Amino acid sequence: DGIVKTFPYNFSQNGLVAYKDGEMLEIQTISKFLGEENIKKLVNWVMKYLADVDIPIKRGTFIEFRSGMFNISPIGRNCSREERNDFEKFDLEHNIRKDMVAAMRKEFADLGLTYSIGGQISFDVFPVGWDKTYSLKFLPEGDFDEIHFFGDKTFEGGNDYEIFTSERTIGHTVTSPEDTKAQCEKIFMSGEEK
């Protein structure tokens, strides 16, 4: 509760949970957006698809239902580090995730979903526009001279890319919390021109 009262704006989950001056502005969830019938349709389709995917091993937790997205892992999120590394190599050679995403794009074209392959073993599924730029809708354009964004996955395909490249933000690539602090001190505290 403390942080929402410390800063004028607070956004979590890409802005799906938004506060201004300690007051909640919005809570959005994928279940509210899609509706239970579409969620069941998607989950059932994924389970059937994965049942027919032939990969060397499968472990548990193939679908994680998060408030703003689904995370889908053909091998299963319960795999070991070694199994994760082996699946990444197998996937690069056999396009398991890429092919599944292509099939889902076709099957669920009417739902307005985005598919983001990331990491070694999974991909995310979320509504179009629910990347980190979602939070910008709460910041009226005329109210701020500058909006700075700091992130580590600012490359194309990374989960910071859209907000990093947004015309409404000044993007900064960082490598660690210490790097973020150093860049903020240089930009905002040193008196140097931005």
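**Exercise 1.** Is W45 buried, partly exposed or exposed?

*Solution.* The model is predicted: local features need pLDDT of at least 70, side-chain atom pairs count only at pLDDT 80 or more, and totals for chains, interfaces and linings use all residues. Residues are numbered from 1 along each chain as its sequence is written, and side-chain values use heavy atoms, without hydrogens and water.
- Set the cut-offs: buried is under 20% relative accessible area, exposed is over 50%, and partly exposed lies in between (1.4 Å probe, protein chains only).
- Apply them: W45 has 17% relative accessibility, so W45 counts as buried.

**Exercise 2.** Classify the ring pair W45 and F108, and place both residues.

*Solution.*
- A pair of aromatic rings is described by the distance of the centres and the angle of the planes.
- Rings of Phe, Tyr and Trp (its six-membered ring) pair if their centres lie within 6.5 Å; planes under 30 degrees apart are stacked, over 60 edge-to-face, the rest tilted.
- Here the centres are 5.6 Å apart and the planes stand at 80°, so W45 and F108 are edge-to-face.
- W45 sits in helix α3, while F108 is in the loop between α5 and β6, 63 residues apart. Helices (H or I, at least four residues) and strands (E, at least two) are DSSP runs, numbered from the N terminus.
- F108 is buried, because its relative accessibility is 1%.

**Exercise 3.** Repeat the analysis for Y9 and F144.

*Solution.*
- The ring centres of Y9 and F144 are 5.8 Å apart with planes at 65°, so this pair is edge-to-face.
- Y9 belongs to strand β1 (residues 9-12); F144 lies in the loop between β7 and β8 (148-151). They are 135 residues apart.
- Y9, at 18% relative accessibility, counts as buried. F144, at 31%, counts as partly exposed.
- Widen the view: ring pairs join Y9, F11, F33, W130, Y134, F138 and F144 into a cluster. The structure holds ten aromatic pairs.

**Exercise 4.** Which residues touch the most other members of the largest nonpolar core?

*Solution.*
- A nonpolar core is a set of buried Ala, Val, Leu, Ile, Met, Phe, Trp, Tyr and Cys residues joined through side-chain atoms within 4.5 Å.
- The largest core has 32 residues, and I72 and M104 touch the most other members.
- Helix α3 gives the largest share, five residues.
- Contact means heavy atoms within 4.5 Å. Leaving aside neighbours within four places in sequence, M104 is in contact with L42, W45, V46, I72, A109, Y115, F123 and V125.
- A second, separate core has six residues, among them Y9, L139, I147 and F149.
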